[in-house]
Amino acid sequence: MTFLGRFRILTKILSVIALIGVMVLGGVWYATGQMTAIDGGYTGFLEKDAKSVSTIARVNRSIFEIRYLAYRIVAEPEPEAKKQTETLIGKALVENAKLTKLIKDTTPISTSQVDDIDREIVRLQSVLQPMIKAALANQNAQALGILSSPSSSPFDKSLELTRSLRDLMDKRVQKGSDDLTAATNSTIRLTWIVMITILAFGSVLGFVIAQFGIAKPVGVVVALLQELAKGDYNVEVTGTERKDEVGDVARTAVVFKEHGRAKLGMEQEQKEFERRTAQQRKADMIKLADDFEGAVGEIIETVSSASTE
């Protein structure tokens with residue numbers, strides 16, 4: 001973990017916080033992107049598929065309305081009422097054309113099926129024109145005969161095609177809904193996995209940096225200082241090459257160690273000096289006693305000699 005020793009403790013802590021923050025932001029960005037895509041899918045689903053389903057239902061209702069108006073124009077007794085009904089039939093046909101165009105615009109995949117419906121509506125118009133003409137001429141029996149003849153089958157065929165297209169769209173809508181639900185659930189699960197992974201990685205990284213970049217080196221230095229405090233100046237000082245606060249303390253410990261050893265040396269020299277001084281004083285005292293004893297002996301000997309004479 002020499003690499004961690006190149007940075008100050010505050011730098012390590014801020015780096016871990018910044019890294020975890022970046023990873024969390026990355027996870028949020030990923031989740032946001034996925035949810036935006038899902039939201040786009042739901043928007044498309046509501047604006048296109050679901051709208052087309054409701055539109056095809058309106059087409060189906062429009063065809064029923066045209067059939068109702070066709071029988072109504074025959075049943076109307078008044079010419080004015082027949083004219084009004086003719087106008088309503090024309091409006092219903094125009095509305096039907098708008099609705100089928102809207103389906104093709106919103107769901108191009110259904111264009112071929114809608115074209116089949118349009119062709120049947122064109123056939124239906126070819127049936128309605130002579131029928132309306134006979135009804136307006138008050139030839140109701142002829143008009144009713146046209147509606148009842150096999151040539152009026154475009155009504156049934158158009159309704160059959162609209163029901164078929166509606167069923168197909170219902171299946172597409174159901175499949176689209178299921179796919180979006182599955183995508184949403186998958187995104188939620190994956191987001192949880194990503195966020196948990198980020199937190200786990202950040203926690204492990206933080207533990208490694210805290211343990212090997214801060215706690216362990218500080219523990220080593222504390223043990224070193226305790227040994228120096230006990231007077232053990234022969235202990236090895238490690239970590240002086242580090243660039244962080246632990247290195248600062250280790251280098252300071254080297255100074256304490258050198259001063260301690262110097263002090264210890266001075267104390268030993270002082271004790272040796274005191275020992276030699278004490279020995280010298282003792283030797284001097286012994287010499288002084290010997291000299292005194294010798295001088296006294298000489299005096300006694302001289303006095304004894306003099307008394308003898």
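**Entry 1: helix H2**

I began with the buried residues of H2, and my list reads Ala81, Lys82, Thr85, Ile89, Ala92, Leu93, Asn96, Leu99, Thr100, Ile103 and Thr106. A reminder to myself: I am working with a predicted model. H2 has 28 residues, and I noted a reach of 41 Å from its first C-alpha to its last, close to the 40 Å expected at 1.5 Å a residue.

**Entry 2: Ala92 and Ser62**

I picked Ala92 in helix H2 for a closer look. Is Ala92 buried or exposed? Its relative accessible area is 6%, and the cut-off for buried is under 20%, so Ala92 counts as buried. Leaving out residues up to four places away in sequence, I found Ala92 touching Ser62, Glu65, Ile66 and Leu69.

I then followed the contact to Ser62, which lies in helix H1. Ser62 has 5% relative accessibility and therefore counts as buried too. Residues up to four places away aside, Ser62 touches Ala92 and Asn96. How far apart in sequence and in space are Ala92 and Ser62? I noted 30 residues in sequence and 6.4 Å in space, C-alpha to C-alpha.

**Entry 3: Ile103**

Still in helix H2, I moved on to Ile103. With a relative accessible area of 0%, Ile103 is buried. Which residues does Ile103 contact, if I set aside its neighbours within four places in sequence? I wrote down Ser52, Thr55, Ile56, Val59, Val114 and Met169. I also checked Ile103 against Lys83: they are 20 residues apart in sequence and 31 Å apart in space, C-alpha to C-alpha.

**Entry 4: helix H3 and its packing on H2**

Next I turned to H3, which covers residues 111-136. Helix H3 has 26 residues and reaches 36 Å from its first C-alpha to its last, close to the 38 Å expected at 1.5 Å a residue. Its buried residues are Val114, Ile117, Glu120, Ile121, Leu124, Val127, Leu128, Met131, Ile132, Ala134 and Ala135. After H3 comes Asn138, and I noted its positive phi, near 65 degrees.

How do H2 and H3 run relative to each other, parallel or antiparallel? They pack at an angle of about 170 degrees, with their axes 10 Å apart. An angle over 145 degrees counts as roughly antiparallel, so that is how I describe H2 and H3. On the H2 side of the contact I found, among others, Ile89, Leu93, Asn96 and Ile103, and on the H3 side residues including Val114, Ile121, Leu128 and Ile132. By class, this contact has 10 nonpolar, 4 polar and 6 charged residues.

**Entry 5: the nonpolar cores**

Last, I looked at the nonpolar cores. The largest has 33 residues, and the ones with the most contacts inside it are Ile56, Ile66, Val74, Leu128, Met131 and Phe155. Which elements give two or more residues to this core? They are helix H1 (9-75), H2, H3, helix H4 (140-148) and helix H5 (154-229). H3 gives the most, with 10 residues.

I checked the surroundings of Val74 as well. Neighbours within four places in sequence aside, Val74 is in contact with Lys82, Met131, Ala135, Asn140, Ala143, Leu144 and Leu147. Apart from the largest core, I found another one of 6 residues, among them Leu224, Val237, Ala250 and Ala253.

Note on methods
Residues numbered from 1 in each chain as written. Predicted model: local features only at pLDDT ≥ 70, side-chain atom pairs only at ≥ 80, totals over all residues. Heavy atoms only, no water. Helix = DSSP H or I, 4+ residues; strand = E, 2+ residues; numbered from the N terminus. Expected span 1.5 Å × (residues − 1). Buried < 20%, exposed > 50% of the residue type's maximum accessible area, 1.4 Å probe, protein only. Axes fitted to C-alpha atoms, helices over the stretch in contact; angles between N-to-C directions. Parallel < 35°, antiparallel > 145°, perpendicular 65-115°, else oblique. Contact = heavy atoms within 4.5 Å. Nonpolar A, V, L, I, M, F, W, Y, C, P; charged D, E, K, R; others polar. Core = buried A, V, L, I, M, F, W, Y, C linked by side-chain atoms within 4.5 Å.
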